[in-house]
Amino acid sequence: MNRKHLLFTLVIFGLLMAVPSVVRDTFFLRVITEAILWIGLAISWDVLAGYTGYLNFGHGAFFGIGAYVTALLINLAHWPFLLALPVGGLAAGVVAAIAGIPTLRLKGAYFAIATWALARAIQQGALVMDITGGPDGMRLPPFLHPHFFYFLMLLTVAIIFGGYWFLFEKAPFGLKVKAIREDEQGAMSLGLNPSWIKLQAFVLSAIPTGILGGIYAYWITYIDPASVLGDLVTDQAVVMAVFGGLGTLIGPTIGAVIIFAFKTCFWAYLSDYQVLYLIILGGVIAVSVVFLPNGLWGTLSEYLRARRIMKNNTSAPRATDKGVRHV
Amino acid sequence: MSEPAISDPAPSEHLLQVEGVTKTFGGLHAVFQVSFQINSGEIIGLIGPNGAGKTTLFNVISGYYAPNAGHIRFNGQDISGKPPYKLAAIGIGRTFQVVKPFAGLTVLENVVIASLVRYPKRRQAEEHAWKVLETTGLADRATVQASSLTLAGRKRLEVSKALALEPTLLLLDEVVAGLNPTEADRTIELILSLRRQGITILIVEHIMRVIMNISDRVVVLNFGQKIAEGNPRDVATNPGVIQAYLGEAPQ
Ligand SMILES: Nc1ncnc2c1ncn2[C@@H]1O[C@H](COP(=O)(O)OP(=O)(O)OP(=O)(O)O)[C@@H](O)[C@H]1O
Ligand SMILES: [Mg+2]
C-alpha cells in the first residue's frame with residue numbers, strides 16, 4: 001500500500017465521518033456501524049494471517065474476551081465504559097500472549113487447530129461460569145445513542161487501520177514479520193527471533209479485536225457465548241479477509257464491505273434461510289481460494305501492476321531503473 | 001546455555017574455535033569430534049564428499065543445531081547452542097546451500113531485512129542495503145521480486161543478505177556451485193574483496209579450482225570426521241583425501 005492508497009483511505013474516512021449528518025435512518029446507521037466493525041475484525045485477523053502466515057481460527061475468542069471483560073467491569077465493578085474498554089482489549093492481549101507462547105511454535109495447520117480448540121474452550125468456560133451468566137449471557141446498562149457508537153466505531157477502526165498500516169507497511173516491523181512468513185529458518189540467520197516477532201504480531205492482532213468486542217457489547221447491550229464467542233465471528237472475518245486478499249489491509253477492508261453488504265441483504269430478504277447463508281459463505285471461500293488465490297484486491301492490484309509495467313516498457317524503456325531508488 | 005564463570009585464559013587470536021564437535025542424527029554421526037581453528041582474516045576451505053557433514057557443521061556453528069558434544073568458541077566466547085539470531089547479531093553471517101530467498105519480497109527488501117540488525121531505522125537500513133547490493137552486483141535487480149532471480153542471482157542474494165549483517169565471520173555454503181564460469185569468477189572476485197575488507201571466511205565448495213585458489217588452509221571432512229587439514233597443495237596430494245574422493249567424484 002502506497003501513499004496514493006493512504007490518501008484514498010483518508011478520503012473514504014472523511015466521507016464516513018459525514019455519514020450521520022446525511023443518514024437519518026437509524027437502521028441504516030446501525031448497518032454501517034456494523035460494517036465498520038467487520039472491517040476491524042477482518043484486518044485484525046489479517047495482520048496475523050496475511051503478514052505472518054498463521055491462520056488463527058480462534059480469532060472470535062479475543063472479540064468475546066473483550067466483550068465479556070468490558071461487560072463485567074461495567075456491571076460488577078461499575079467502571080465507566082471508556083475505562084473498561086481498554087482493559088477489555090488488554091485482557092485479549094494477555095490471553096494472546098499466554099496462548100501464543102506454546103501455539104506459535106506449532107506449524108501452521110496445528111496452530112489453526114490449537115486456536116480453534118482454545119476458542120471453543122473459552123466459549124465453554126463462559127457457558128458454565130456464573131459470573132458471565134452462563135448460557136443466558138449478560139445485559140449491559142443501555143446507552144442508546146447510535147451516533148456515539150457510529151463515531152466510536154469509526155474512530156477506533158480508523159486508528160486500528162492507521163496503526164496497522166504504519167506498523168506492518170511502513171515500519172521495519174512489517175518487513176520482519178514478512179521475512180518470517182516467507183522463510184522462518186532463513187530469517188533467523190539474519191538476526192530475527194521468530195518466536196518473539198510472531199508473539200508481537202499475535203498480541204497486536206488480539207488487542208484491537210478485544211476493544212471491538214467491548215464496543216460491540218456496550219452498543220448491542222446484550223452478549224452471550226453464542227453471539228460473541230461463537231464460530232461465526234471467526235468464520236466471517238476469515239472469509240472477508242481471504243475473499244478480499246490476505247496481507248494487504250485494503251483487501252480485507254473491501255472483502256468486509258462486500259461480504260457484509262451481501263449478508264445484510266440476505267438477512268433482510270431471506271431471513272428464513274440462515275443455513276443457506278452459511279452454505280453460500282462456504283461456497284464463496286471455496287471459489288475465491290480456487291479462482292482468486294490472492295483475493296479480490298490481490299488479483300486486481302497484480303493486474304494493474306502488470307499493465308503499468310507493460311506501459312512503462314513500451315513508452316520509456318528502463319528509464320525508471322535508477323529513478324525508483326530512494327523512494 | 002551456562003557460560004563458564006572463569007573466562008578463557010588469555011584471549012586467543014583465534015576468531016573461531018571448533019572443539020571436538022559432534023552432531024548426531026539418530027544413530028548417524030553427521031559430524032564426529034571435529035576440531036579446528038580459524039584466525040582472523042583467513043579464508044578456510046571446508047571440503048569433503050557428499051554427505052561428509054559440511055552443511056551440518058555449518059548449522060552447528062551458526063546455531064541451527066546444538067552440538068551433542070564439544071564446543072564452539074567465537075572470539076573466545078562459548079557460543080555452542082546459542083540461537084542463530086543471537087549469533088547473527090554478534091557477527092556470524094551465513095548462506096544456505098539450498099538458498100532461502102524471501103521469495104515474495106523484492107531483492108531490496110530482502111537485504112533491508114538483513115540490514116535491520118545493524119541499522120534499526122528503515123531509512124538507514126535501506127541506504128546500507130543499497131551499498132551492499134552495489135558490491136554484490138545486484139543493484140540493478142533491486143526492485144524485482146526475489147522469486148524472479150536466476151540461480152546465480154539467488155546465490156548472490158544469499159551472499160548479499162549475509163553481508164548486510166556486517167559479519168566478522170562469514171560462512172559460505174556452495175555459493176559458486178551451479179554458476180557458469182563467468183558468474184563463478186565474479187563470485188570468487190567478490191569473496192576475495194571481502195577478505196580484503198577484513199571479513200574472515202569459512203567456505204564449503206565442491207569445485208576444487210575455487211578452493212585451491214582462494215583458501216589459506218583447507219579442512220577435509222569424510223563421514224563426519226576431519227581427515228586432513230593444511231595448505232591447499234598439501235591437502236590435494238594427501239593420500240587419505242584422494243582415497244576419500246575416489247569413487248565419489250574424481251575431481
Ligand atoms: N536434519 C537431518 N536429519 C537427519 N540426517 C541428516 C540431517 N541433515 C543431514 N543429515 C545427514 O547427515 C549427513 C551429513 O549431511 P550434510 O548435509 O552435512 O553433508 P554435506 O557435507 O553438506 O553434503 P553435500 O556436499 O551433499 O552438501 C548426511 O548423511 C545427511 O543425510
Ligand atoms: Mg552441504
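Is T55(B) buried, partly exposed or exposed? In this predicted model, T55(B) is partly exposed, with a relative accessible area of 25%. The tour starts from this residue.

**Stop 1: the magnesium ion**

Select ligand 2, the magnesium ion, together with T55(B) and Q97(B). The ion is coordinated by OG1 of T55(B) and OE1 of Q97(B), at 1.9 to 2.0 Å. These two residues link distant parts of the chain, being 42 residues apart. T55(B) belongs to helix 1 of chain B, whereas Q97(B) sits in the loop between strand 6 (92–94) and helix 3 (107–115) of chain B. Q97(B) also counts as partly exposed, at 35% relative accessibility.

**Stop 2: ligand 1 and its shell**

Keep Q97(B) displayed and add ligand 1. The distance between an oxygen atom of ligand 1 and an N or O atom in the side chain of Q97(B) is 2.9 Å. Next, show K54(B), where an N or O atom of the side chain lies 2.8 Å from an oxygen atom of ligand 1. Then show the backbone of G51(B), which places a polar atom 2.9 Å from an oxygen atom of ligand 1. The protein buries 64% of the 630 Å² that ligand 1 exposes when taken alone.

Now extend the selection to the whole shell. Ligand 1 is surrounded by 14 residues, and the closest are G51(B), K54(B), T55(B), T56(B) and H206(B). By character, the shell residues comprise seven polar, five nonpolar and two charged. Colour strand 2 (28–39) and helix 1 (54–61) of chain B, since each of these elements supplies at least two residues of the shell. Helix 1 of chain B gives the most, with three residues.

**Stop 3: helix 1 of chain B**

Select residues 54–61 of chain B, the span of helix 1. How many of the eight residues of this helix are buried? Seven are, so helix 1 of chain B is largely enclosed by the rest of the structure. The buried residues are K54(B), T56(B), L57(B), F58(B), N59(B), V60(B) and I61(B). Move on to G63(B), just after the helix, which takes a positive phi of about 95°.

**Stop 4: salt bridges**

Side chains of opposite charge can pair when their charged atoms come close. Over all chains, the structure holds 13 salt bridges. Three in chain B are visited here.

Select R217(B) and E42(B). Their closest N and O atoms are 2.9 Å apart, and the two residues form a salt bridge. R217(B) lies in strand 9 (residues 217–222) of chain B and E42(B) in the loop between strand 2 and strand 3 (43–47), so the pair ties together parts that are 175 residues apart in sequence. Both R217(B) and E42(B) are buried. Add K226(B) and E229(B) to the selection, as these residues are linked with E42(B) and R217(B) in a network of salt bridges.

Select R195(B) and D216(B) next. Here the side chains meet in a salt bridge of 2.9 Å, N to O. The two residues are 21 apart and link distant parts of the chain: R195(B) is in helix 6 (residues 181–196), and D216(B) is in the loop between helix 7 (208–214) and strand 9 of chain B. R195(B) is partly exposed, at 24% relative accessibility, and D216(B) is partly exposed, at 31%.

Finally, select R122(B) and E126(B), whose side chains meet in a salt bridge of 3.4 Å, N to O. Both residues lie in helix 4 (residues 122–136) of chain B, four residues apart, about one turn of the helix. Which side of the 20% cut-off for burial does each residue fall on? Buried means under 20% relative accessible area, so R122(B), at 21%, counts as partly exposed, whereas E126(B), at 18%, counts as buried.

**Stop 5: positive phi outside glycine**

Turn to chain A and select L249(A), which is not a glycine and yet has a positive phi of about 65°. L249(A) is found in the loop between helix 11 (231–244) and helix 12 (250–270) of chain A. This leucine is buried, with a relative accessible area of 0%.

Return to chain B and select N75(B). Its phi is near 55°, a positive value in a residue other than glycine. N75(B) lies in the loop between strand 4 (69–74) and strand 5 (77–78) of chain B. With a relative accessible area of 54%, N75(B) is exposed, whereas L249(A) is buried.

Methods. Residues numbered from 1 in each chain as written. Chains lettered and ligands numbered in written order. Predicted model: local features only at pLDDT ≥ 70, side-chain atom pairs only at ≥ 80, totals over all residues. Heavy atoms only, no water. Near = heavy atom within 4 Å. Polar contact = N/O pair within 3.5 Å; in protein donor to acceptor, adjacent residues only side chain to side chain. Areas by Shrake-Rupley, 256 points an atom, 1.4 Å probe, with all protein chains shown as cover. Nonpolar A, V, L, I, M, F, W, Y, C, P; charged D, E, K, R; others polar. Donors = N, O, S within 2.8 Å, 3.2 Å for Na, K, Ca; no water. Buried < 20%, exposed > 50% of the residue type's maximum accessible area, 1.4 Å probe, protein only. Salt bridge = Lys/Arg side-chain N within 4 Å of Asp/Glu carboxyl O.
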